[in-house]
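Biologist: Please take a close look at the salt bridges in this model. Which side chains pair up, and how are the partners placed with respect to the surface?

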Amino acid sequence: MHSILELVLTLLVTAVIVVVLFKRLNLPALLGYLAAGLLLGASVLNLVKAGTAMQALAEFGVVFLMFSIGLEFSLPKLFAMRRAVFLIGGLQVTLSLVICIALSVVLQICLVYGLPTPYLLENLNWRTGVVLGGILAMSSTAIVIKSLAEQLQLDTPHGRTVLGVLLFQDLAVVLLLVLIPALTQPPQTLLWALGLAFIKATVLLTLLLIFGQRWMQRLFDLIARQQSRELFTITVLLITLGLAWVTEIAGLSLALGAFVAGMLIAETPYRHAVEEDIKPFRDVLLGLFFLTLGMQLDLTVLIRQPLWVFLLFLLPMLLKAMLVYIIVKHRKLGAGSMQTAVRSSLAVCGAGEFGFVLLNLANINKAIPLINQDLLQVLLASMVLSMIVTPLLLQHSSRLSIYFIQFVHRLNSRKLNTVGMNDELWFNQSLKVHKRAVKNNILNDHVIVLGYGRSGQTVAQLLRAQGCTVVALDLDPDRIREAKAAGHRVDYGNATQQHSLTNLGLSKARILIITFSNTAEQLKVLQDVQSLAPHLPVVVRTLHEVGDTDYHYLLQAGNTHIDIVPERLEGTLMLASHALLRLGIPMRKMLHAVQQARGQGYQNISSYFHGVDDSNNSPSFDDIRLHTVVLTESAWAVGKTVAACFVRLSYLGLLPTQLSVQTIRSSLGDLLDGEDMCDLDTVWVLKGTLSSLHLAEEHLMRKA
């Protein structure tokens with residue numbers, strides 16, 4: 001029998017190791033907690049599953065999660081996004097519920113009439129359809145928002161659409177938290193129980209929101225005047241858990257009271273301070289909740305029911321993606337472009353943490369007693385798999401949307417060929433080809449812009465203002481249609497295909513500008529330009545830094561006429577130039593400093609001291625970086641001259657090809673050179689790749 005302390009330590013050790021591994025793989029921490037729970041559930045620690053105290057503690061993770069969502073709830077924000085929230089999000093959740101309820105009813109009818117029914121689905125009814133529909137409708141707010149924020153896509157059309165859908169899902173959870181406990185009642189009292197639950201919820205919420213708002217501000221004013229951080233945190237916990245207790249006493253869920261508490265505090269000036277105080281409790285307890293969920297999953301289900309796991313993993317994702325795509329693409333509903341529809345559907349098609357919350361709530365309240373354990377295990381496994389896939393879909397959503405659009409266009413053209421073209425259609429197509437050829441012959445001394453997104457359009461606007469003729473290439477048909485209507489010369493085409501470049505009059509262009517940031521596609525374009533128009537100047541936008549492998553590949557792929565613009569370094573130069581001007585540095589000196597940095601290939605500003613975050617984001621051994629080596633008493637270099645140290649590093653082949661010495665400072669802060677002697681605490685500032693820095697440090701610090 002394990003002691004409580006041993007069990008807690010085992011939980012913590014497993015969680016830390018697995019979550020660190022998942023973070024290193026750029027996967028969400030929530031999935032790491034699930035994986036840690038899987039490992040513990042499959043081990044000899046199955047007895048932890050019976051620990052009601054552990055389960056109860058984990059439930060508070062959901063309470064604090066709902067409290068955080070209540071803090072984010074804002075009526076002005078809801079009104080501003082009302083189309084995405086109530087139209088797109090509302091239809092997505094409603095249709096998911098309707099489809100699952102209808103499927104459950106059909107299966108029940110089949111069972112009544114003796115028709116063959118799959119074993120796992122034979123006991124479904126409309127109540128289970130409500131629960132499963134709610135689970136299916138949910139997406140992972142934590143994973144999706146985090147991924148969109150990291151990719152700077154929250155303010156894009158698909159980002160705003162996804163935010164609206166997720167916001168309605170959060171609101172739907174509040175209703176389902178009221179509905180699911182009421183489903184436990186027998187059929188003859190079910191309607192009464194549902195009505196009573198909604199009446200109690202309405203009355204309680206109205207009283208809390210109307211009267212609670214009055215004393216919430218006064219309470220926090222009183223607590224804030226005491227200037228005690230501990231008292232402030234305790235008050236937040238008291239309000240959150242107190243209102244959760246009130247709703248539980250009323251026969252509703254704990255999470256509903258926490259949501260109301262968050263809404264009340266959201267209207268006070270203390271919202272952000274409360275959010276910071278509650279975050280540690282929320283994250284730790286929510287991690288514990290997912291840990292206990294993982295422990296409930298039996299991994300053998302992947303062996304016993306692999307087909308069902310695959311089907312319940314794939315079909316709900318396809319169904320939800322199809323619903324969102326149709327709604328967003330519909331002219332009178334979402335009215336979004338095809339790319340917005342595809343990327344929105346990819347973002348919300350996976351399962352979410354609230355799906356687990358609803359499933360767990362249904363189990364606790366016995367709202368789905370007829371679902372056998374095999375189906376529960378299959379559901380858990382499929383939901384975990386879809387949450388693992390979600391970050392990957394978000395990461396590659398742009399490319400996947402392009403592939404989908406290309407597939408649709410090919411399909412439409414194939415249908416056209418199947419029907420058969422008449423002579424008039426052939427004549428019209430030939431006329432278009434002729435017009436394009438004439439247009440390309442007219443093009444001369446023009447600028448070609450590949451990629452007509454925000455960067456491409458900004459560059460084109462500035463060039464047109466200077467009287468330049470600009471032609472562009474893009475893959476988004478909606479963007480092209482709108483740009484053409486505005487009088488811009490934009491063609492549909494893939495820049496990696498040579499005929500797309502030749503159709504733009506590549507040989508007669510003055511300059512080619514590549515604004516998209518996909519390195520593989522950039523390299524393909526540069527190779528084609530090298531063969532078709534080797535003397536054409538090329539400007540390439542890149543997100544990579546000088547010294548990165550991709551930056552090196554771009555530099556080698558182009559010719560002497562290529563200019564590579566690292567976006568972050570250029571932003572840094574602009575930041576520094578504005579600061580210099582504000583400090584009163586003359587414009588001439590500022591421009592000279594900026595031009596000097598560019599003229600040296602950004603070498604003097606591209607290397608910097610790396611930290612933990614930089615190691616996580618850019619673990620390449622080829623990156624150029626700065627590194628300091630502080631000599632200890634036992635180091636080989638202590639007592640040696642600087643010149644002797646240089647000889648040693650040169651003998652190793654590090655100087656001057658792989659490594660450079662920026663400065664050498666004595667323990668007193670004096671700069672050392674030549675015949676100066678290195679002493680204890682002498683600091684060497686080195687610049688080079690990670691491998692060369694490690695080798696240099698090893699030989700400077702090697703014991704004498």
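Modeller: Lys 524 is partly exposed in this predicted model, because its relative accessibility of 31% lies between the limits of 20% for buried and 50% for exposed. Its salt-bridge partner is Asp 528, and the closest N and O atoms of the two are 2.8 Å apart. Asp 528 counts as buried, at 5% relative accessibility. Both residues belong to helix α23, which covers residues 519-532. Because Lys 524 and Asp 528 are four residues apart in that helix, about one helical turn separates them.

The pair Arg 541 and Glu 567 also forms a salt bridge, with 2.5 Å between the closest N and O atoms. Arg 541 is part of strand β5 (residues 538-542), while Glu 567 is part of helix α25 (residues 567-582), so this pair ties together parts that are 26 residues apart in sequence. Arg 541 is partly exposed, with a relative accessible area of 22%. Glu 567 counts as partly exposed as well, at 36% relative accessibility.

A further salt bridge brings together the side chains of Lys 484 and Asp 491, at 3.7 Å from N to O. That value falls within the 4 Å cut-off, so the pair is counted as a salt bridge. Lys 484 is partly exposed, at 43% relative accessibility. Asp 491 has a relative accessible area of 12% and is buried, because buried means under 20%. The structure holds five salt bridges, among them Lys 484 with Asp 491, Lys 524 with Asp 528 and Arg 541 with Glu 567.

Pairing between strands can be followed further along the chain. An open sheet is formed there by three strands in the order β7-β9-β8, with antiparallel pairing. β7 (624-630) and β8 (659-665) are at the edges and each has a single partner strand, so one side of each lacks a neighbour in the sheet. From one strand to the next, the twist averages 20 degrees. β7 and strand β9 (residues 683-689) run antiparallel and are joined by seven bridges. For Val 630, the bridge partner in β9 is Val 683. Helix α30 (residues 690-701) packs on the sheet and touches β7, β8 and β9, and its direction makes about 150 degrees with that of β9.

Technical notes
Residues are numbered from 1 along each chain as its sequence is written. This is a predicted model: local features need pLDDT of at least 70, side-chain atom pairs count only at pLDDT 80 or more; totals for chains, interfaces and linings use all residues. Side-chain values use heavy atoms; hydrogens and water are left out. Two strands pair if DSSP finds at least two bridges between them. Helices (H or I, at least four residues) and strands (E, at least two) are DSSP runs, numbered from the N terminus. Axes are lines fitted to C-alpha atoms, for helices over the stretch in contact, and angles run from 0 to 180 degrees between N-to-C directions. Contact means heavy atoms within 4.5 Å. Buried means under 20% relative accessible area, exposed over 50%, partly exposed in between (1.4 Å probe, protein chains only).
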